[in-house]
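Dear colleague,

I am passing on the structure we spoke of, with the sequence alongside. Please open both before reading my notes underneath.

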Amino acid sequence: MIAADLSSWVPVEPGSDFPIQNLPYGVFEQQDGEPHIGVAIGEQIFDLHLAAEEELFENVADRAVLQAPTLNALLAAGPGVWSGVRSRLADLLVSDSAELSAESRDGFLVAQSAVRMLLPFAPGDYVDFYSSLEHATNLGKILRPNTEPLLPNWRWIPIGYHGRSSTIVVDGTPVVRPNGQRKGENEPTFGPTRLLDVELEMGFVTGSGNRMGTAIPVQHAGDHIFGLVLVNDWSARDIQAWEYQPLGPFLGKSFATSVSPWVVPLDALEPYRVRGPEQTPEPLEYLRTSRDWNYDVTLTVELQTPRMRERGLPAEIVSRSNFKYMYWNMAQQLAHATCNGTAVRAGDLYASGTISGPDPQSAGSLIELTWRGERPLHLQSGESRTFLEDGDTVTMRGFCEAPGKPRIGFGCVRGTIVPS
C-alpha cells in the first residue's frame with residue numbers, strides 16, 4: 001500500500017480520481033499508434049510500454065508483459081509481479097524520485113484527453129452474480145408480489161449465471177437497442193425492447209487461475225483477484241421476462257455489458273476495506289471468510305437525455321449507492337464459482353450484480369427506481385423516464401473518499417442508446 005502522504009511529480013488536482021495512491025491500469029491508443037499499457041495519474045497516463053523499452057522495469061517484470069496489447073499477460077503473472085510493478089511505479093512517480101531526470105520525465109506521459117481508451121483486458125469468461133440483498137428483495141416484490149421476495153436458496157449461495165464475453169465493451173461504446181421476443185396477448189411479438197434498463201455493478205478481474213478440477217479456497221481468493229472495474233450490465237426487461245424461465249438470462253442480457261477503462265488494483269482499495277452485512281444464516285464452511293471483503297465505494301448513476309444535451313443541461317444523478325452494501329462478497333463469489341472445479345483464467349470478469357442500497361434513491365436499476373414504471377423519474381428538463389429512450393446517455397461513477405485517506409476513483413463508464 002502506498003503511503004497516504006506521498007505525492008507525485010506529475011500534477012494531480014485535489015479531488016482527482018487518480019493520485020499516486022491509486023495507479024490503475026488501462027490500455028490506450030494514440031492516433032495511428034499501437035495499443036500501450038498505461039497507468040493513470042492525475043490527467044496524465046504513464047506509458048508502461050515506453051518505460052519497459054527504456055529498461056525501467058528490468059528484474060521486476062518481463063518486458064513482453066508490459067508491452068503486450070492487453071493486460072492479460074500482466075494478470076497471468078501473479079501477485080508477486082503485480083506488487084513489484086506497483087512498487088516500482090511508486091518509486092518512479094513519487095515527487096522526490098531520483099529515478100528519472102527532470103528532462104526525461106515528460107517523455108513517458110501522455111494526456112488522457114489525447115488518447116482513445118481500449119478494453120483493458122481480453123475477457124475469456126464472464127459471470128454475473130445476483131448478490132445485493134436489497135436488489136434481490138426489490139425484484140422479488142416487483143415480480144412476485146404477495147410472496148416471499150427471496151427464493152429459499154438466496155441466503156445460502158451467491159447466485160450467478162455464466163454469460164458471454166463477446167459483447168463486453170469499454171466506456172463510451174454506443175449501445176444498440178436490442179431486438180427480441182416480448183410477451184403478447186395471445187402470442188409473443190418481436191421487435192426492439194421497450195423496457196431498456198441499466199444495472200449498476202462492479203466487477204473483479206481475475207489474475208492467475210486454478211487447474212480444472214481444483215477449487216480456489218475462499219481464504220486464497222485475494223491471490224487470484226487483480227482489481228476492480230465499474231460495470232453497467234444493460235438489461236432488456238421485457239425480453240428477459242419472457243425468456244428467463246426455466247434457464248435464466250439470455251438475449252435480454254447478452255447484447256452489451258460496459259466496463260470502465262481503468263482497472264483499480266485491490267491494493268489501492270485497502271484503506272477502504274470494510275465489514276459487510278451480517279450473513280444469516282451463517283454460510284457453509286467453504287464460504288466463511290476470516291477477513292473483511294467489502295469496500296466502501298460510493299457509486300452514482302447519471303442520466304442525460306437528448307433534450308438535456310440540446311439545452312446545455314448537465315447529466316442528472318438518479319441513483320446513489322455503495323459497493324459496501326453487497327451481501328455476498330467477491331471472495332465468496334470466486335470460491336463458490338470454483339467449488340465444482342471450474343477453471344479460472346487471467347482476464348475473466350466477475351460482475352457483482354446490481355448494487356442497491358437500503359433507501360429508494362440507492363436502487364441500482366430503473367426497474368427498482370421506477371417500480372417497473374409505476375413511479376416515473378421526473379427530470380430537471382421537465383421530462384420523465386421509466387426506462388431508457390433512444391439517445392439517452394447513462395454515466396456511472398465510483399470513488400472512495402474519507403478524511404485522512406487518499407481519494408481512489410474509477411473514472412466512469414458511459415453508454416448512449418442508439419436505435420436498433
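What follows is a short account of what was found, going from the overall form to single residues.

Please keep in mind throughout that this is a predicted model. The secondary structure of the protein amounts to ten helices and 26 strands. For a chain of 420 residues, a compact globule would be expected to have a radius of gyration near 22 Å, and the protein, with 22 Å, agrees with that. Along the principal axes, the C-alpha atoms occupy a box of roughly 75 × 55 × 40 Å. Of the 420 residues, 55% are buried, and among the contacts with a separation of 6 or more, 73% are between residues that stand 24 or more positions apart in the chain.

As for the surface, the accessible area is about 18200 Å², and carbon and sulfur atoms contribute 50% of that. The protein carries 33 positive and 51 negative charges, and the mean positions of these two sets lie 7 Å from each other.

Two of the helices deserve a look for the way they are covered. In helix α9 (residues 330-338), nine of the nine residues are buried, including Met 330, Gln 332, Gln 333 and His 336. These buried residues pack against a set of strands, namely β6 (126-129), β13 (200-206), β14, β19 (294-295) and β22 (349-351). Helix α5 (residues 133-143) has buried residues as well, among them His 135, Asn 138, Leu 139 and Ile 142, and the buried residues of α5 pack against α10 (366-369).

The structure also holds eight aromatic pairs. One of them is formed by Trp 82 and Phe 226, which meet edge-to-face, with 5.1 Å from centre to centre and 85° between the planes. This pair links distant parts of the chain, since Trp 82 belongs to helix α4 (residues 79-93) and Phe 226 to strand β14 (residues 225-232), 144 residues apart. Both Trp 82 and Phe 226 are buried, and ring pairs join them with Tyr 25 into a cluster. Helix α4 also contains Gly 80, which is exposed, with a relative accessible area of 54%; the C-alpha atom of Gly 80 is separated by 16 Å from that of Tyr 25, and the two residues are 55 positions apart along the chain.

Finally, there are some backbone details that you may wish to inspect for yourself. Most peptide bonds are trans, and most residues other than glycine have a negative phi. The bond from Gln 245 to Pro 246, however, is cis, with omega near 10°, and Pro 246 sits in the loop between α6 (237-243) and α7 (251-254). Thr 280 and Pro 281 are likewise joined by a cis peptide bond, with omega about 0°, and Pro 281 is placed in the loop between β18 (273-274) and β19.

Positive phi values, in residues that are not glycine, occur at Leu 23, where phi is near 55°, and at Arg 372, where phi is about 55°. Leu 23 is found in the segment before β1 (25-29) and is buried, because its relative accessible area of 0% falls under the 20% cut-off. Arg 372, in the loop between α10 and β23 (377-378), counts as partly exposed, because its relative accessibility of 42% lies between the limits of 20% and 50%.

With best regards

Conventions:
Residues are numbered from 1 along each chain as its sequence is written. This is a predicted model: local features need pLDDT of at least 70, side-chain atom pairs count only at pLDDT 80 or more; totals for chains, interfaces and linings use all residues. Side-chain values use heavy atoms; hydrogens and water are left out. Helices (H or I, at least four residues) and strands (E, at least two) are DSSP runs, numbered from the N terminus. The radius of gyration is taken over C-alpha atoms; the globule rule is 2.2 Å times the number of residues to the power 0.38. Buried means under 20% relative accessible area, exposed over 50%, partly exposed in between (1.4 Å probe, protein chains only). Contact means heavy atoms within 4.5 Å. Accessible areas come from the Shrake-Rupley method with a 1.4 Å probe; for residues, only the protein chains shown count as cover. Lys and Arg count as positive and Asp and Glu as negative; His and the chain ends are not counted. The place of a charge is taken as NZ of Lys, CZ of Arg, CG of Asp or CD of Glu. Rings of Phe, Tyr and Trp (its six-membered ring) pair if their centres lie within 6.5 Å; planes under 30 degrees apart count as stacked, over 60 as edge-to-face and the rest as tilted.
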